[in-house]
Amino acid sequence: MDKTYHPTEIEEKWAKIWSERKLTNENSNESFSQVIPPPNVTGTLHMGHSFQYAIMDFYTRYNHMSGKDAHWQVGSDHAGIATQMVVENNLLKDGISRSDLGREEFLKEVWSWKNFSEEKITSQIKRLGSTIDWEKYRFTLDDSFNEAVIKAFVELYRKKKIYRGYRLVNWDPSLKTAVSDLEVIRQEKDGFIWHIKYPIENSKEFITVATTRPETMFGDMAIAVNPNDTRYKDIIGKKVLLPFVERKLPIIGDDYVDIEFGTGCLKITPGHDFNDYEIGKKYSLHEVDGEIKISNQSSDFKPINIFNDDAWSNDNVPEPFNNLDRFKVRKLVLEKLKELNLLIKEEKHHISVPRGERSNIVIEPKLSYQWYVKTSEMASKANEAVNNGEISFHPENWIKTYFNWMNNIEDWCISRQIWWGHRIPAWFDNDKNVYVGYDEDEVRQFYNLDNRKLSQDEDVLDTWFSSSLWPFASMGWPNNTPDYDKHFPTSLLVTGFDIIFFWVARMMMMSLEFTDNIPFKDVYVTGLIRDENGQKMSKSKGNVIDPLDLVYGISIDDLVKKRTANLMQEGQAEKIERKTRKQFPNGIESYGTDALRMTFFSLATHSKDISFEFSRLKGYRNFCTKIWNAARFINGFPEGNKVFDPKNDNDIWINEEFVKSANKIKRHVEDYRLDFAINEVYEFFWSKFCDVYLEECKKSGKTNNLRPMLQKILIMMHPFAPFITEEIHSLLFDAQIIE
RNA sequence: AGACCCGUAGCUCAGUUUUGGUUAGAGCGCUGCAUUGACAUUGCAGAGGUCGAUGGUUCGAGUCCAUUCGGGUCUACCA
């Protein structure tokens, strides 16, 4: 054995061996299985990924060593919007836009990016020593996965659990696509509320509405007051003249209006506000010759849309307000209202602005046709599985978060107006009739169509729609494969709390729908890795650490280069460089994968936010050194017994301690408390085995049992620190722990 | 508006439900001594906590209950 422990050389050797190896406990009837939360092919892996993969690999190895047939299904996610954005940004650097290329050419670009990113990601996962059968690698947009997605869509449609609807959606004007409720981030900020006078028809009276979005007034279709509001009782039924447009709007009385709020008087803009839409629908508002009419025919309802796809005002908006960005419209409207003395008050008001999760642009509610999944029935089935204990969360507390959302779940908008994704299997004829099916032939057959021309829906599906099928589709569903038979439902899901709604809940719904089975039994919910100051790691903050830089170390210049490359905003680089040089004056040292891995386990507490500390990492690197040196020391003694054979008090004592610790560790592992488990490992090896037993053996010279005891310990420690234990084991015992 | 989480040693955090129980734990840091004879170090010894605050239940509260202060997250809504 080398005098010093050189982790990276050893690790590279074993990582390669393991990436080509398949675990074979195929004869075991007991399955342990889990699926990787497929990483997005948007770039490279970060600390959060390696944290979770360490845990997943731990359980794979642990269960394999317990004799089970352990399967860890690996793959990656096409991540529709996110990946498309990355590729579009890259092209933009060369002055090329998506539309310059056209759909087909653009998709070629995305596929080549996918290959590039996938290569990086898989080599990272391999380097961490993950125990994976790479032949079973899947991608959420490969052909057979598409088969599963199409089947899911068509079946849901034919069971009337998917429908197409024309209604308001969260529209991202920068990406020009609809997004789901979950992809909208609310940002609280200080804004204004404006009080605006609208003249009442045939009178000198005015009515004052309060609004935070004056620019949408061109889409106003009614004024609403509370019928119990004595101030306005008499004007219900009268009409107002919408300034600039001269459209006649009815004044309606509805309980929805809060008497206390604002002026107690609300403008109704059904084309641009979700609540107004509901009211507009209730009264079937529609325009006839410049006047808004009320009816009880719901089919009459026709909201007025005043924006284009990019949220610039359209032709429904008069001069000089049309063909402007919505914020310019707002500014101009306020100016002109002021000139007309119709703007009577500007009040500070706390508002929450909806922003796109990816684009960060302000979301504009927009009327459009979109596809939706009906969720309520599926959700209650999923809830049942949690309530009757079929699925359990660890820590349990996350159940509350889960139910909080599931009990108020809305229908899920699954269509996206982008190019990268699973194309929606729906076809239109020239009369805009819609037909859903597996392919065009099947559609014609199913609907008994003549040879009319059909064209496929241009839209693609929300990435999370395909991800929701991952636990069974990645194992071969809808085909019956040996993996699906043996390893589904899976035993464990390791994932972050941030995607409980996006992913965990939806997998539960889809799995129960299509397989009549839960997708997983235990959900191990991890916290989010933050930097030492508790800040979320992000490119723009410049505090990201690449896990492989902890393994190999990195010079300060390279680290600065890495952190300041490809920044979205100008001028950040200098600040990031200063902070980085201050925190890591000499760069980052090499710590090795085992040290990193054990650090992750020690951080796997029940806490939501996990501060990544270098001092802890250093501590576990010292622990690895300790293991190495203990082994080297033992290796210097004569071989002694093949099998542990206690002959003195010291032997008996360490064996008892070993059994005690092993039992504790087993319990902690089964309770999903790897932080406790790794503490026990550390404490046993260092304080008991080294400080007491080894010292005693040194003194007494009774060293016959050192090797067999070390071997037992190495095997026990292997899932915690696979590289070093495997290396020592093969050096000293000429055999691998996992063959 | 509702829900949830956090506040314990200088720092980062365990411990709080099922099971309230003698001197409240860990790692790192700190102090002192020893050490290059397995240890890119290690060993031994040690200091350091009114467990956010107040009140209650109890023989006994970090742990249970109520109130409160500070920090954070999520969901819904906000004309």
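Student: Which side chain has an N or O atom 3.4 Å from a phosphate oxygen of RNA strand B?

Tutor: This is a predicted model. The partner on the RNA strand B side is a phosphate oxygen. On the protein side, the atom is an N or O in the side chain of Lys-698.

Student: Which part of RNA strand B lies 3.1 Å from a backbone N or O atom of Asn-629?

Tutor: Ala-630 gives a parallel case: a backbone N or O atom of Ala-630 lies 3.4 Å from a base nitrogen of RNA strand B. For Asn-629, a backbone N or O atom is again involved. At 3.1 Å from that atom is a base nitrogen.

Student: How much of the RNA strand B atoms within 4 Å of the protein is sugar and phosphate?

Tutor: Start with the surroundings: 41 residues lie around RNA strand B. Thr-4, Ala-210, Asn-275, Ser-352 and Trp-686 come nearest. Among the strand's atoms within 4 Å of the protein, the share from sugar and phosphate is 66%.

Student: Which element gives the most residues to the surface near RNA strand B?

Tutor: Several elements supply at least two residues each, including β8 (206-211), α9 (398-406) and α21 (674-700). β27 (609-611) and α19 (614-635) do so too. The top contributor gives nine residues, and that element is α19.

Student: How many residues of the surface near RNA strand B are polar?

Tutor: Sort that surface by class. Nonpolar residues number 13, and charged residues number 13. The polar count is 15.

Student: How much area do domain 1 and domain 3 bury between them?

Tutor: Domain 1 (32-135 + 378-415 + 463-526) and domain 3 (530-590) are two of the domains of chain A. Their C-alpha centres lie 28 Å apart. Eight residues of domain 1 are in contact with ten of domain 3. Of the buried area, 68% is on carbon and sulfur atoms, and the total is about 710 Å².

Student: Which three residues supply 63% of the area that domain 1 buries against domain 3?

Tutor: No other three residues supply more of the area that domain 1 buries there. The three are Met-47, Gln-124 and Arg-127.

Student: How many salt bridges are counted between domain 1 and domain 3?

Tutor: One residue pair is in polar contact between these domains. The side of domain 1 that touches domain 3 has two charged residues, beside four polar and two nonpolar. Still, the salt bridge count between the two domains is zero.

Note on methods:
Residues are numbered from 1 along each chain as its sequence is written. Chains are lettered from A and ligands numbered from 1 in the order in which they are written. This is a predicted model: local features need pLDDT of at least 70, side-chain atom pairs count only at pLDDT 80 or more; totals for chains, interfaces and linings use all residues. Side-chain values use heavy atoms; hydrogens and water are left out. Domain bounds come from an automatic or database domain assignment. Contact means heavy atoms within 4.5 Å. Buried area is the accessible area (1.4 Å probe) that two parts lose on being put together, summed over both. A salt bridge is a side-chain nitrogen of Lys or Arg within 4 Å of a carboxyl oxygen of Asp or Glu. A polar contact is a pair of N or O atoms within 3.5 Å; within protein, one must be able to donate a hydrogen and the other to accept it, and residues adjacent in sequence count only if both atoms are side-chain atoms. Ala, Val, Leu, Ile, Met, Phe, Trp, Tyr, Cys and Pro count as nonpolar, Asp, Glu, Lys and Arg as charged, and the others, Gly among them, as polar. A residue is near a molecule or strand if one of its heavy atoms lies within 4 Å of it. Helices (H or I, at least four residues) and strands (E, at least two) are DSSP runs, numbered from the N terminus.
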